[in-house]
Amino acid sequence: MKGSKFLPALGVVAMLGCASTPPVPAGMKVGEFVQFACEGGKRFSARVAEGGESVRVRADGGYELDRKGEGIYEGEGWRLAPEVGAGALGLTHNGKQTHKGCKPASISAFKANPLGA
């Protein structure tokens, strides 16, 4: 029964390992830009850094946003955050919402309109 004492300790170690890795924002991929389609036909692209400590956003320029909390990234006046209950992301600049209801766009939608115009 020596092994029975080891298993609970192993479970705690596994849980701690999971807790230390920040979650990747919905729809994003580590090291790869993902196109997001938003309400009103707006678009932006974003890429999360390995480890989840920052997100690179391309919207009216390119910006590096640092992780501030659970799923929230901020920098250079920009804020990327989950929208409560919507299952989507929102992007604001200097307190003004610029992109709302943003979800990963399908590849076919991106190919049809690659510039998001």
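Start by selecting Ala37: across from Ala37, in strand β8, stands Lys103. Keep in mind as you look around that this is a predicted model. Now widen the selection to the two strands involved. Strand β1 covers residues 34–37 and strand β8 covers residues 96–104; two bridges join them, and they run antiparallel. If strand pairing is new to you, here is the basic idea: strands of a sheet pair through backbone hydrogen bonds, in either a parallel or an antiparallel way.

**Zoom out to the barrel**

Show the whole chain as a cartoon. Eight strands close into a barrel, and you can follow them in the order β1-β2-β3-β4-β5-β6-β7-β8, with antiparallel pairing. From one strand to the next, the twist averages 35°.

**Next stop: the disulfide**

Which two cysteines form a disulfide? Select Cys38 and Cys102 and show their side chains: their sulfur atoms are 2.1 Å apart. The structure holds one disulfide, and you are looking at it. The link between Cys38 and Cys102 is right-handed, with 110° about the S-S bond. Cys38 sits in the loop between β1 and β2 (43–48), while Cys102 belongs to strand β8, so the pair ties together parts that are 64 residues apart in sequence. Are these two cysteines buried or exposed? Both Cys38 and Cys102 are buried.

**Along β8 to its other partner**

Stay with β8 and add strand β7, residues 88–93. Four bridges join β7 to β8, and the two run antiparallel. To see one bridge pair, select Thr92 and its partner in β8, Gln97. Then move to the turn of this hairpin, where two residues lie between the strands: there Asn94 takes a positive phi near 50°.

**A glycine in β7**

Now pick Gly90, which is in strand β7. Why does Gly90 count as buried? Its relative accessibility is 5%, and the cut-off for buried is under 20%. Display what surrounds Gly90: setting aside neighbours within four places in sequence, Gly90 is in contact with Arg79, Leu80, Ala81, Glu83, Gln97 and His99. You have already met Gln97 as the bridge partner of Thr92. For a distance to try in your viewer, go from Gly90 to Ile72: the C-alpha atoms are 10.0 Å apart, and the two residues are 18 apart in sequence.

**Last stop: β4 and β5**

Finish by selecting strand β4 (residues 62–69) and strand β5 (residues 72–75). They pair in the antiparallel sense over three bridges. Within this pair, look for Arg67, which stands opposite Tyr73 in β5.

Methods. Residues numbered from 1 in each chain as written. Predicted model: local features only at pLDDT ≥ 70, side-chain atom pairs only at ≥ 80, totals over all residues. Heavy atoms only, no water. Pairing = 2+ DSSP bridges. Disulfide = S-S within 2.5 Å. Buried < 20%, exposed > 50% of the residue type's maximum accessible area, 1.4 Å probe, protein only. Axes fitted to C-alpha atoms, helices over the stretch in contact; angles between N-to-C directions. Contact = heavy atoms within 4.5 Å.
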